[in-house]
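Reader: I've got a new fold to look over and some questions to go with it. Can you walk me through it?

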Amino acid sequence: MPGPDGYIPPPYIPLHQSESEADGFSETEETSPPQAVARDPSQWSSGICACCDDMQSCIIGTICPCFLFGKNAEFLGSGTLAGSCMTHFILWGLVNSLCCLFSGGILAFFPGAMVACYACGYRKALRAKYTLQEAPCGDLTTHLFCHPCALCQEYREIRERSTGSAPPLIWTDMNAPTIQAMHPTEK
C-alpha cells in the first residue's frame, strides 16, 4: 500500500528463502524463467527493519555502530575511517556515558540526539548520491529513533548500489615481521 509520498517498501523475503518460495511455488513445480523486475531507483533496496537479512552488518551495527558508521562515511567521502568512527564513538559512547553518570540517568538519551544530527547529514549525502526518497521518515527522525537500523540500511544500500567499491566489513590482516637474528661481524 503506497504511503502519502508514493513510497512502496520493497517486498520482504525472509532469510534462507528464495523468491520462488516466497511466492508460494515449490522447487519441484515447473516454473517459467524468472523475469527481471524493474525496481524504482529512487527506492531503498531494503527496508529500515531488514537488519537481519545481512547478519554481518547487523551484528557490527549493534555491537559497534561507530565502526559501521565510519565505513559508511568513508565511502561517502569523509576521508578516513578513524575520524568518522572516533567522532561517532565520542558522541555516542563517551558523551552518553558521561551524561548518564553526571545527571543520574535523566539525560541518558540526550547524546542520541547529538549523534542523530551528525549521522543524518551522511544519510542525506547518501540519498543525494543515489537519488533516494526520504523514507520511511525524515533523516533526523530515522537516526533519532532507529539509529543502528539506519546504519545497517545505509551500509546495505552502499553495498547493493556500488560497483565493487563497497567498504568491506573486515579488518586488515597484520602479519608480524620475520624473525631477524644479529650476527657479530668478525674483524
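Author: Sure. One term before we start: pLDDT is the predictor's confidence in each residue, from 0 to 100. We need it here, as this is a predicted model.

Reader: Good to know. Over which residues does pLDDT stay under 50?

Author: Start with the whole chain: pLDDT averages 76, and 68% of the residues score at least 70. Where pLDDT is low, the predicted coordinates should not be read in detail. There are five contacts beyond four places in sequence for the stretch in question, and that stretch is residues 25-37.

Reader: What pattern does the chain follow along the sequence?

Author: No sheets to worry about, since the chain has zero strands and six helices. Read from start to end, that gives α-α-α-α-α-α.

Reader: Which element gives the largest share of the largest nonpolar core?

Author: That core has twelve residues, among them Cys-51, Phe-67, Ala-119, Leu-151 and Tyr-155. Two or more residues come from each of α2 (55-63), α3 (65-75), α5 (110-130) and α6. The largest share is four residues, and the helix that supplies them is α3.

Reader: And how many residues are in the second, separate core?

Author: Leu-126, Leu-132, Ala-135 and Ile-158 are included in it. Counting its other members too, the second core's total is seven.

Reader: Let's talk about His-143. Is His-143 buried or exposed?

Author: His-143 sits in helix α6, which covers residues 139-161. The cut-off for buried is under 20% relative accessible area. His-143 has a relative accessibility of 1%, so it counts as buried.

Reader: Which side chain does His-143 join in a polar contact of 2.7 Å?

Author: Beyond four places in sequence, His-143 is in contact with residues including Ala-116, Cys-120, Arg-123, Leu-151 and Glu-154. The 2.7 Å polar contact runs from the side chain of His-143 to that of Glu-154.

Reader: Which histidines does Leu-151 touch, leaving out residues up to four places away?

Author: Leu-151 is one of the twelve residues of the largest nonpolar core. Its contacts include Pro-65, Leu-68, Phe-69 and Asn-72. The histidines on that list are His-88 and His-143.

Reader: Last one: what percentage of the accessible surface belongs to carbon and sulfur atoms?

Author: For context, 33% of the chain's 187 residues count as buried. The accessible surface comes to about 12,400 Å², and the part belonging to carbon and sulfur is 64%.

How values were computed. Residues numbered from 1 in each chain as written. Predicted model: local features only at pLDDT ≥ 70, side-chain atom pairs only at ≥ 80, totals over all residues. Heavy atoms only, no water. Contact = heavy atoms within 4.5 Å. Buried < 20%, exposed > 50% of the residue type's maximum accessible area, 1.4 Å probe, protein only. Polar contact = N/O pair within 3.5 Å; in protein donor to acceptor, adjacent residues only side chain to side chain. Core = buried A, V, L, I, M, F, W, Y, C linked by side-chain atoms within 4.5 Å. Areas by Shrake-Rupley, 256 points an atom, 1.4 Å probe, with all protein chains shown as cover.
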